[in-house]
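Subject: Structure for your review

Dear colleague,

Please find below the structure that I am handing over to you, followed by an account of what was found in it. I would be grateful if you read the two side by side.

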Amino acid sequence: MHLDELKCHATDLVRLLPRQMLARLAKSTEVDRYAKELQGERLFNLLLYGLIRCKRLSQRKLEKVFESRAFCTLFDYSLGERVSHSSISERLSKVNVEFFRKAYEVFYDKLHSLYTPREIERKLLVRVDSTLVAETCNKLKKGFTVGKRPVGKDACRQRRQVKYTMGYEGFAAKLAEVLDEPAYLSEDVALPKAIDGMIKKDPEHSNLYVFDRGLSSLRAYDSMTGQHARFVGRIKTNRSMETVRVLEIPEADKCAPEKLVLDEDKVVHLREGGSRKFGTEEYRVITAHFKEPRDTTRPQNKGKAKRVENRICFITNDMELPAKEVAEIYRRRWDIEVFFRFLKQELSFSHFLSVNENGLQVILYMTLITAMLVMIYKRENKLGYSMAVFTLDLEMEDYAMGLASEMAAGNRGTPHGSQKGKHKRLEANGLTP
């Protein structure tokens, strides 16, 4: 696809967050109080532009981006200004995170308006999961360690990790948490925290939360059920339970996605690990097996390889969903794994741009805002993740060069591509000139 054939252009995305809105947020959050340089809007644009244009973004790279003609031209800043990487680091450690959080929420609402009611219904499936990012202890002061601590010469290689827990609905993260306390290493602690936050923002309880077997706490299941939140998850095949009643699976529904065959659908009471008593809440457990048997030989490196099983047990508190649909919903949980891979491979999320707790929050919100831009660009132009970032980068550079040429000629004129290939839904929502 040629650049002039794109339905959504970089210029459209830049206009999704106009200066007036950023100025209002800057005033309400007082983000620019005592700021001698790198005001909230400029830091916002610098991080956004840097995340799109640079692989493995660093503070030194941001220093060069700030001085670049393309950045200054694109966002209408004066050429010749300078900022050091140490100033960027200090600003990230002290800037008001509320400015970036509110910008993320406003941007999320704007992008949500681009979808039809039918598409929004499909977004009610929220995949909840966590991902870890590690750095050496001498750089990352807070966080938790995993595994044995190295000794001797290798002691300096000890690494700390921070956990990012998110709820992903298919085009953006509904909620994201930065967790750096050791207790959150357990998914039974981290995931319920994120889910509780999303339940509070969902008064109609329309979302359906899906998670893997890392979340296995009966207390968490009971809490979600008590708040009328529906979920689909997976439990271990040897989980202790007592059968209340067996439900019938229609013959036509027994062949499930991912080459699975559904065996049994039953209502059960679960028992928490270490407890002798079964809970009182009723849950559905759907058991399935793979059509083609897999090699279940126990690996020698038990700590590094997951044990392979031929059976799967799904769990849900929704008594109305067909068993086949429960299996299909769980299969779609994999979307969040793809989203994490996109963030890490394409948006510099696999390392820390800032190791300060405040900076971690800022970078999280800016990464998610950038991801939403790329996702809408990818969706409208029918591109893959990597190609979307690459093409958007080319377009931003092309647009900046066009503006620079027009400015040199004394006529800024109409931005490149603003009159071609506009998507009807973008136009209908007033997001294009």
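A residue is called buried when its relative accessible area is under 20%, exposed when it is over 50%, and partly exposed in between. Please bear in mind throughout that this is a predicted model.

Salt bridges

Searching the whole structure yields 22 salt bridges. One of them pairs Glu397 with Arg53, whose closest N and O atoms are 3.3 Å apart. Because Glu397 belongs to helix 14 (residues 385-408) and Arg53 to helix 3 (residues 40-53), this pair ties together parts that are 344 residues apart in sequence. Arg53 has a relative accessible area of 26% and is therefore partly exposed. Glu397, at 31% relative accessibility, also counts as partly exposed.

A second salt bridge brings together the side chains of Arg333 and Asp129, at 3.0 Å from N to O. Here, too, distant parts of the chain are linked: Arg333 sits in the loop between helix 11 (323-331) and helix 12 (334-346), while Asp129 is in strand 1 (residues 125-136), 204 residues apart. Both of these residues, Arg333 and Asp129, are buried.

A third salt bridge is formed by Arg230 and Asp318, with 3.1 Å between the closest N and O atoms. Arg230 is located in strand 5 (residues 230-235) and Asp318 in the loop between strand 10 (311-316) and helix 11, so that distant parts of the chain, 88 residues apart, are linked. Is each partner of this pair buried or partly exposed? Arg230 counts as partly exposed at 29% relative accessibility, whereas Asp318 counts as buried at 9%. Finally on this topic, Arg53, Asp393 and Glu397 are joined into one network by salt bridges that share partners.

Strands and surface

Strand 2 (residues 159-168) and strand 3 run antiparallel and are joined by 6 bridges. Within this pairing, Gly167 stands opposite Leu175 of strand 3. The two strands, strand 2 and strand 3, make a hairpin with 4 residues between them, and Gly170 in the turn has a positive phi of about 115°. Strand 3 (residues 173-179) is mostly covered, as 5 of its 7 residues are buried.

On the surface, a nonpolar patch is formed by Leu132, Val146 and Leu185, which together have about 210 Å² of accessible area. Leu132 is placed in strand 1 and is partly exposed, with a relative accessible area of 32%.

The surroundings of Met224

Met224 lies in helix 10 (residues 218-226) and counts as buried, at 3% relative accessibility. Which residues is Met224 in contact with, leaving aside its neighbours within four places in sequence? They are Ile195, Ile199, Phe211, Leu215, Ala229 and Phe231. The C-alpha atoms of Met224 and Pro192 are separated by 8.5 Å, and the two residues are 32 residues apart along the chain.

An annotated segment

The unreviewed UniProt entry carries the annotation "transmembrane region" for residues 359-377. In the model, this span is 100% helix and 0% strand, and the end C-alpha atoms of residues 359-377 lie 27 Å apart.

With kind regards

Note on methods. Residues numbered from 1 in each chain as written. Predicted model: local features only at pLDDT ≥ 70, side-chain atom pairs only at ≥ 80, totals over all residues. Heavy atoms only, no water. Salt bridge = Lys/Arg side-chain N within 4 Å of Asp/Glu carboxyl O. Buried < 20%, exposed > 50% of the residue type's maximum accessible area, 1.4 Å probe, protein only. Patch = residues over 30% accessible without salt bridge, like charges linked within 9 Å, V, L, I, M, F, W, Y side chains within 5 Å. Areas by Shrake-Rupley, 256 points an atom, 1.4 Å probe, with all protein chains shown as cover. UniProt positions renumbered as here; feature names shortened; annotations may be inferred. Pairing = 2+ DSSP bridges. Contact = heavy atoms within 4.5 Å.
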